[in-house]
Amino acid sequence: MKKTIFAVIGSLAMSSSAFAAWAPNEYRCTFDQLTANQAEGRQRWAKRWQQQNPYGITMWGGLDHNYWHSSYTLEANQAVSMGYWLYPVYVDPNNMYTPWKGPGAYGTATASYTGTQIQTSVPYNFKPAHIQMDGVCEPGCYTPDQKILLSDGAMGIREALESGRTDLVTLSPEASFASVEYLDNKVERYTLDRDATEQEILTFRTRSGGELRVTTEHPLVTPDGTLKRAREIGVGDSLVDRHGKADEIVSLDKKWEYTRAYNVRPVTKDLTSNIIVAQGYLNGSQRFQSEYVEEMNRMILRDNVPEVLVPAGE
């Protein structure tokens, strides 16, 4: 049975940093999945009614934080700058804080709405006054067939999610390129798009014959020990394999595909153990797309990087 985490935003006097980048567990996000387009619409809808405060809530500076809690605004803006939208999910405090489906969710009259329709056509009273924002959910990054490393070998991320696998393998906190060590970690939660949708997929092929298919914003480990977004990497650059060795990219295909994207985050929170292995290459977990956005350029694996992997001039 999955552990349920409650975040009663309206009753907790905490700083914004206490809320920043926190998202409900997998159950909440799976309960209320949206497409990327709908996610944008719901965030805009929530902010619209937060600012208009139609129920006349006088707390929180005249803003209705039951629609959108301002503590998530910085994180949401960072996500938009990276090309994706975080969307709010809700709970019902009058019913033991059970999840409540927002506009665009399956099972509601707005399930087929586009993002624009959600933003402009869903009235404020779609959400009753007492329903509270609980956190944010986000889209995935890997195509369903991409294999992540588990304790007994690699498995497609969709299959791992559907099988309930939690035995994720990540780098250990002490790992470096000179000493690649792994940790038997655990999955905190998976993320995924609710529906298949058109999105740009990058397919990297390497000199060794490897292949990795990800969305444009997915964080990839580079030979200098930092992470870069997939869209920032091209032919002639290199991915880093599970042994810490550079593998040159020899071709890159960009194609819009109708698909769902998946991602995963481990329970550990240090930077290094949030690097996972997908298709045999080192990738950043979902945390690097939310709370670790500012760490993307840190030399996470810089210690003891073999000289052959260090760019000239350093």
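This is a short guided tour of the structure, one selection at a time.

**Start with the whole chain**

Before selecting anything, keep in mind that you are looking at a predicted model. Show the protein chain as a cartoon and you will find 6 helices and 17 strands. The chain has 314 residues, and 55% of them count as buried. If you switch on a surface, its accessible area comes to about 13700 Å², and carbon and sulfur atoms account for 49% of that area. How far along the sequence do the contacts reach? Among contacts between residues at least 6 apart in sequence, 67% join residues at least 24 apart.

**Stop one: a cluster of rings**

Now select Trp45, Trp49, Tyr55, Tyr67, Tyr90, Trp100, Tyr124 and Phe126, and show their side chains. Ring pairs link these residues into a cluster. The count of aromatic pairs comes to 7. One of the pairs is formed by tyrosine 55 and tyrosine 67, which are stacked, with 6.4 Å from centre to centre and 15° between the planes. Both tyrosines lie in the loop between helix H3 (36-52) and helix H4 (73-81), 12 residues apart.

Are these two tyrosines buried or partly exposed? Tyrosine 67 is buried, with a relative accessible area of 0%. Tyrosine 55 is partly exposed, at 29%.

Stay with tyrosine 55 and add tyrosine 124 to the selection. This aromatic pair is edge-to-face, at 5.1 Å centre to centre and 80° between the planes. Tyrosine 55 sits in the loop between H3 and H4, while tyrosine 124 sits in the loop between helix H5 (115-121) and strand E3 (132-137), so the pair ties together parts that are 69 residues apart in sequence. Tyrosine 124 is partly exposed, with a relative accessible area of 30%.

**Stop two: charges over rings**

Go back to tyrosine 67 and select lysine 127 with it. The charged end of lysine 127 sits over the ring of tyrosine 67, 4.3 Å from the ring centre. For another example, select arginine 242 and tyrosine 182. Here the charged end of arginine 242 sits over the tyrosine 182 ring, 5.8 Å from its centre.

**Stop three: an open sheet**

Next, select strands E1, E2 and E3. In which order do these strands form their sheet? The order is E2-E1-E3, in an open sheet with antiparallel pairing. Strand E2 (98-100) and E3 stand at the edges with a single partner strand each, so one side of each has no neighbour in the sheet. Turn the view to look at the twist, which averages 45° from one strand to the next.

Zoom in on strand E1 (residues 87-92) and E3, which run antiparallel and are joined by 5 bridges. To see one bridge in detail, select valine 91 and its partner in E3, glutamine 132. How many residues of E3 are buried? The count is 6 of the 6, so E3 is largely enclosed by the rest of the structure.

**Stop four: arginine 213**

Move on to strand E10 (residues 211-215) and pick out arginine 213. At 15% relative accessibility, arginine 213 counts as buried. Leaving aside neighbours within four places in sequence, the residues in contact with arginine 213 are Tyr142, Thr143, Asp145, Gln146, Ile201, Leu202, Thr203 and Glu257. Try drawing a distance line to glutamine 146: arginine 213 and glutamine 146 are 67 residues apart in sequence, yet 7.0 Å apart in space, C-alpha to C-alpha.

**Last stop: a hairpin**

Finish by selecting strand E16 (residues 275-278) and strand E17, which are antiparallel and joined by 4 bridges. In one of these pairings, isoleucine 276 has asparagine 283 in E17 as its bridge partner. E16 and E17 form a hairpin with 2 residues between them. In the turn, select glutamine 279, which has a positive phi of about 55°.

Then look at the two faces of strand E17 (residues 281-284). Tyr281 and Asn283 are on one side, Leu282 and Gly284 are on the other, and all are buried, which leaves both faces covered.

How values were computed: Residues numbered from 1 in each chain as written. Predicted model: local features only at pLDDT ≥ 70, side-chain atom pairs only at ≥ 80, totals over all residues. Heavy atoms only, no water. Phe/Tyr/Trp six-rings, centres within 6.5 Å; stacked < 30°, edge-to-face > 60°. Buried < 20%, exposed > 50% of the residue type's maximum accessible area, 1.4 Å probe, protein only. Lys NZ or Arg CZ within 6 Å of the ring centre and 35° of its normal. Pairing = 2+ DSSP bridges. Axes fitted to C-alpha atoms, helices over the stretch in contact; angles between N-to-C directions. Contact = heavy atoms within 4.5 Å. Areas by Shrake-Rupley, 256 points an atom, 1.4 Å probe, with all protein chains shown as cover.
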